[in-house]
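This report looks at how helices, a nonpolar core, aromatic rings and a surface patch are arranged in one chain. Please keep the sequence and the model in view while reading.

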Amino acid sequence: MTTVEAPARAGWREWVGLAVLCLPTMLTTLDISVMFLALPRMSGDLGADATQQLWITDIYAFTMAGFLVMMGTLGDRIGRRKVLLFGAAAFVVTSVLAAYASSTGILIGARALLGVAGATVMPSVLALIRNMFRDPRQMSTAMSAWGSSVMLGLILGPVAGGLVLGAFWWGSIFLMAVPVMGLLLLVGPFVLPESRDPAAGKLDLASVALSLMAILPTIYGFKELGRSGPEPVPVAAILAGVFFFLVFVRRQRTLRAPLLDLSLFADRAVTAALLLALLSAFAMAGTSMMVSLYLQLVEGLSPVAIGLWMVIPSLGMIVAVNLAPLLARKIRPAYVLAAGSAIAAVGMVVLTVANGSGGLAMFLVGLVVVYFGVGSDGTLSPFLIMSSVPPEKAGAAGAMSSTFNEFGAALGIAVLGLVGSTVYRTQVTVPAGVHDVNAAESLPGAVSAAERYPAEVSAALLDSGRAAFSSGLHVVTIVTAVLFAGLAVLAVVGLRRFPATGAPEESRV
């Protein structure tokens, strides 16, 4: 009879290391959400126009998405801890540069470099967790803590940003990174073990260039589609990205040591988990954009009030993030993920009803249900991906997980935003005498135009615009409800062979 040796269990050093890893994870998500609060003040001080404001907010996500694959694979080659610590040092330097930026160009450049430095965090952290926690139960607990840190960054962003901006100048939001990354640099070398792929070859610079030319235009194109519709520039950017992606894939098939090991997709669990992550991000990003506009422009809530109200569903997601791994110890992850997707679908149905006549209270109930359902995917999909690949490929797997999330979010904002705006344009009635074309294109355009007309005309335009936007949100929630129902089926079909994480080690095949 053959016995299977149990994996080594993590000790106090690994748990301290996990706490250290959660801090930069939280920071990278906090840096995204806090930016929106500081944008008006920094734009006024630096004289940034509307286009420059968009680049200030978007360039961080663009460069982060573009460099994820490179940084993940680079960590496999030269060491994940080394890449993470280098990225932390770069994050400190560029944060100081952004804080004291004297012009819009310098700030945009600093934000771009922050995105490159931030790209070292997610794949390195996931790869280090994969290697520090070999025991499946401990790894699921570690992934829960990591998932909670992601959500805490999103929750604390508006709160921390509001407090800091209330006491200091706008550049202070960037200086919040200095103590966090400084702690990582001081403690990381002592509690984080180095790991790499001993069989990795040299970094193929041509593949790096092709990956950037594939990812950056595609992300940019999808974001611009969501913002301005099917204009020639974003469509051309997407087509260029697809072309370079095909060239990139073809090159990877010919290399002995590819930048991205395409054989990882041969694992059914990895592919299914990546699709779940992408489509879940698609649904949540597109819906969240519409919900934010609905709460602000239809319900009349201020940005601060929206941030505070959104704490409630976010806490529901944190509960699910920690509950899902516990359930997955006894129940196959496929069924936990399927149940979560089904719950999210129910939540979207509640949003559909609330959007009609249920009021703000029911709307928030629907959001809580949606966020709770999606929470299981936030932890279990990365867990399934990381536990299904060999430790030496952990960096590349972490990069794929993060990149699929970025693509899903960009695609969701573009596609679902286009769905909502199409419904809006077919439903809105612009009163006679209103000659602003933007009023017929979007609710923000209608709100802006209404300020320039008499009260009676303004009220008619706003009533029609809000009703049309609500119709668009209604369609979007129906689409995402159907999508989440489909994700439940995908989870069962694609992952049902993956055993419960608490199953005996010899049953893991």
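The following paragraphs deal with a predicted model, going from the interior to the surface.

**Two helices and the core**

Helix 5, which covers residues 104-118, has 15 residues that should span 21 Å at 1.5 Å a residue, and its end C-alpha atoms are indeed 21 Å apart. Buried positions in helix 5 include Thr-104, Leu-107, Ile-108, Arg-111, Leu-114 and Gly-118. For helix 6, 12 of the 12 residues are buried, so this helix is largely enclosed by the rest of the structure; among its buried residues are the polar or charged names Ser-124, Arg-130 and Asn-131, as well as Val-125 and Ile-129. The two comparisons of span are set out below.

| Helix | Residues in helix | Expected span | Distance between end C-alpha atoms |
|---|---|---|---|
| Helix 5 | 15 residues | 21 Å | 21 Å |
| Helix 6 | 12 residues | 16 Å | 16 Å |

The largest nonpolar core holds 154 residues, of which Met-42, Leu-107, Ile-129, Ile-173, Phe-174, Phe-363 and Phe-484 touch the most other members. Its largest share, 20 residues, is supplied by helix 15. Leu-107 belongs to the buried set of helix 5, and Ile-129 to that of helix 6.

**Aromatic pairs**

How many aromatic pairs does a search of the whole structure find? The search finds four. In one of them, the ring centres of Trp-15 and Phe-133 lie 4.7 Å apart with the planes at 55 degrees, so the pair is tilted. This pair links distant parts of the chain, since Trp-15 sits in helix 1 (residues 12-33) whereas Phe-133 lies in the loop between helix 6 and helix 7, 118 residues apart. Trp-15 is partly exposed, with a relative accessible area of 32%, while Phe-133, at 0% relative accessibility, counts as buried. The rings of Phe-243 and Phe-244, in turn, have their centres 5.3 Å apart and their planes at 70 degrees, so that pair is edge-to-face; Phe-244 is partly exposed, at a relative accessible area of 24%.

**A nonpolar patch on the surface**

Val-319, Leu-323, Leu-326, Leu-327, Ile-331 and Tyr-335 together make a nonpolar surface patch of about 500 Å². Helix 14, residues 311-328, gives the largest share of the patch, with four residues. Ile-331 is placed in the loop between helix 14 and helix 15, and this residue is partly exposed, with a relative accessible area of 38%.

Note on methods: Residues are numbered from 1 along each chain as its sequence is written. This is a predicted model: local features need pLDDT of at least 70, side-chain atom pairs count only at pLDDT 80 or more; totals for chains, interfaces and linings use all residues. Side-chain values use heavy atoms; hydrogens and water are left out. Patches are made of residues with over 30% relative accessible area and no salt bridge: like charges are joined within 9 Å, nonpolar side chains (Val, Leu, Ile, Met, Phe, Trp, Tyr) within 5 Å. Accessible areas come from the Shrake-Rupley method with a 1.4 Å probe; for residues, only the protein chains shown count as cover. A salt bridge is a side-chain nitrogen of Lys or Arg within 4 Å of a carboxyl oxygen of Asp or Glu. Helices (H or I, at least four residues) and strands (E, at least two) are DSSP runs, numbered from the N terminus. Buried means under 20% relative accessible area, exposed over 50%, partly exposed in between (1.4 Å probe, protein chains only). The expected span of a helix is 1.5 Å times one less than its number of residues. A nonpolar core is a set of buried Ala, Val, Leu, Ile, Met, Phe, Trp, Tyr and Cys residues joined through side-chain atoms within 4.5 Å. Rings of Phe, Tyr and Trp (its six-membered ring) pair if their centres lie within 6.5 Å; planes under 30 degrees apart count as stacked, over 60 as edge-to-face and the rest as tilted.
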